Amino acid sequence: MTIRKKSIIAFSLIFLLFSMVVIFHNRFATMQNSNYQTFQNKTLTLALLADDMKLSVVQVEHNLMDISATRGQNGLDNGVMEAQKYADKFYKNVSEILILNPEMKSQMNELKAAFEIYYITGLNMAKDFIVGGPAKGSLSMPVFDRSSQLINNKINHFQVEQVSHIRSSIVRIMQSNKTMIDHLIVYGISVIVLSIIIAYFLYRSITNPTHKLIHIAETISKGDLSQPILTQSKDEIGQLSQSFERMRENLDKLHDDRLNLIGKMASCMAHEIRNPLTSIAGFLKLIRYDVLNGRQGQTQLERYLDVIDDEFKTINMQITGFLSFSRNNAFEEEKIEISANELIHSTLYLLNPRLSNENINLQFIGGESTYFIIQKISIQQVISNIVSNAIDALISVKTDRMITIECVENEECVCIHIMNNGPEIPEALKNSLFQPFITNKESGTGLGLAICREIMIKNNGKIEFHSNDKETNFMLSFNK
């Protein structure tokens with residue numbers, strides 16, 4: 001599974017967990033809103049209606065008692081009308097309660113019947129006081145008192161029930177709030193913990209193989225190519241590991257090839273030098289013998305010395321040929337057609353770890369449609385040598401280390417510029433930089449650029465450079 005898929009799955013799980021918390025919160029919030037609506041529309045409204053019904057009973061009793069006491073004087077009709085108004089209000093409250101709570105029909109019918117008895121008894125009592133005076137009215141009052149007590153008891157009981165419902169609703173809402181808060185805390189902590197676990201495993205799946213690759217890259221940079229890079233991962237890290245393994249194998253093969261080449265060169269050099277040395281040794285013996293015995297004249301000695309001088313020149317020519325890889329036809333590389341883009345990228349493939357380790361930015365410009373016929377491996381050696389020298393020069397630069405490779409083509413030639421912003425090449429070296437054994441490195445041999453020049457000559461090209469305190473530019477020109 002790729003890192004991209006792992007990241008998508010991980011963040012999707014985290015998003016899903018947070019979404020579940022949000023959904024849970026919304027569900028509880030909806031439930032709480034429903035509880036509040038129920039409390040407001042039913043429980044609280046019923047309690048208010050119960051109070052209003054209680055007030056209606058009291059007002060009916062007050063108005064009827066006033067009629068009884070005054071025998072209807074000064075507003076008998078008004079008293080009855082006022083009592084009737086509050087009675088109508090009582091019936092209206094009963095109807096509203098039935099609308100809110102149809103299941104309370106039996107209880108409301110009971111209250112309504114008790115109120116009707118209470119109201120009719122009150123009207124009869126008031127009539128008896130008016131018609132028959134206090135004697136007759138006093139006989140009706142106990143009946144009215146009993147009906148008043150009955151309706152008041154029923155109303156009081158109904159009020160107590162509604163107050164109890166209010167209290168239980170409040171307790172239920174508070175408990176629901178507490179439950180929601182507790183659950184949110186638990187779910188929130190669980191989501192955070194699970195998110196941390198998911199992020200940790202995602203982090204481990206990336207950093208662990210990355211650290212292994214860094215360790216292996218450091219090992220390779222130190223020259224140890226014996227450790228294979230093994231990975232079973234199918235993600236980008238696995239692909240990178242496979243690329244590192246191919247690089248290690250190529251480096252190992254290149255190292256072996258170089259050792260084999262050095263061995264062959266040493267063998268060939270020994271063979272080529274042994275012959276002139278044998279001649280020199282033979283003529284030296286002749287000179288010693290003739291000088292000691294006085295047998296040869298000056299002319300013969302000069303001839304011997306000329307032969308020795310020629311043999312020394314031959315040795316020097318052989319050494320120069322081996323150093324420049326240009327005199328031994330056994331190692332002559334075949335020329336092929338290749339694009340500048342492929343050449344540069346295949347060369348930088350082996351240098352990328354070092355560029356990364358030294359924190360150097362490399363930019364390649366152009367070369368996509370530029371083709372020329374060259375010795376690929378030899379020119380790769382030239383480019384690699386120059387880039388390596390640039391890396392060595394940039395080590396002294398503290399920040400913004402930059403190498404730029406630019407391919408430019410015109411009608412006459414293809415030119416590859418390799419530029420770096422390192423220090424200027426010392427003036428004392430500029431005129432002899434391409435000569436063998438000329439170097440300003442403590443551990444350098446001074447053969448690299450000399451070999452590069454010889455390789456460029458063999459590839460119908462030339463190598464030049466310009467250097468100042470801002471930039472050093474090596475130019476590889478290939479004639480078309």
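**Figure 1. Aromatic pairs, starting with Phe115 and Tyr119.** This predicted model holds 10 aromatic pairs. In one of them, the ring centres of Phe115 and Tyr119 sit 6.2 Å apart with the planes at 0 degrees, so this pair is stacked. Planes under 30 degrees apart are what it takes to earn that label. Both residues belong to helix α3 (residues 105-221), and being four residues apart there puts about one helical turn between Phe115 and Tyr119. Phe115 counts as buried, at 0% relative accessibility. Tyr119 counts as buried too, at 7%.

**Figure 2. Phe372 and Phe478, a pair across two strands.** Here's another stacked pair: Phe372 and Phe478 are 5.1 Å centre to centre, with 5 degrees between the planes. Phe372 comes from strand β3 (residues 371-374) and Phe478 from strand β7 (residues 472-479), so the pair ties together parts that are 106 residues apart in sequence. Phe372 and Phe478 are both buried.

**Figure 3. A cluster of linked rings.** Zoom back to Phe115 and Tyr119, and you'll find them in a cluster held together by ring pairs. The other members are Phe90, Tyr91, Tyr118 and Phe144.

**Figure 4. The largest nonpolar core and its best-connected members.** This core has 39 residues, and Val387, Ile403, Ile416, Phe474 and Leu476 are the ones that touch the most other members. Helices α6 (340-348), α8 (376-394) and α10 (448-458) each give two or more residues, as do strands β3, β4 (402-409), β5 (413-420), β6 (461-467) and β7. Top contributor is α8, with eight residues.

**Figure 5. Val387 up close, and a second core elsewhere.** Setting aside residues up to four places away in sequence, Val387 touches Leu348, Leu351, Ile403, Ile405 and Ile418. Of these, Ile403 is also on the list of residues touching the most other members of the largest core. Apart from that core lies another one, of 28 residues. Its members include Ala87, Met108, Phe115 and Phe144, and the last two of these also belong to the ring cluster of Figure 3.

**Figure 6. Ser56 and its contacts.** Ser56 is found in helix α1 (residues 3-70). Its relative accessible area is 1%, so Ser56 is buried. Leave out neighbours within four places in sequence, and Ser56 is in contact with Tyr86, Lys89, Phe90 and Asn93. Phe90 is a familiar name by now, being part of the ring cluster with Phe115 and Tyr119.

Notes: Residues numbered from 1 in each chain as written. Predicted model: local features only at pLDDT ≥ 70, side-chain atom pairs only at ≥ 80, totals over all residues. Heavy atoms only, no water. Phe/Tyr/Trp six-rings, centres within 6.5 Å; stacked < 30°, edge-to-face > 60°. Buried < 20%, exposed > 50% of the residue type's maximum accessible area, 1.4 Å probe, protein only. Core = buried A, V, L, I, M, F, W, Y, C linked by side-chain atoms within 4.5 Å. Contact = heavy atoms within 4.5 Å.
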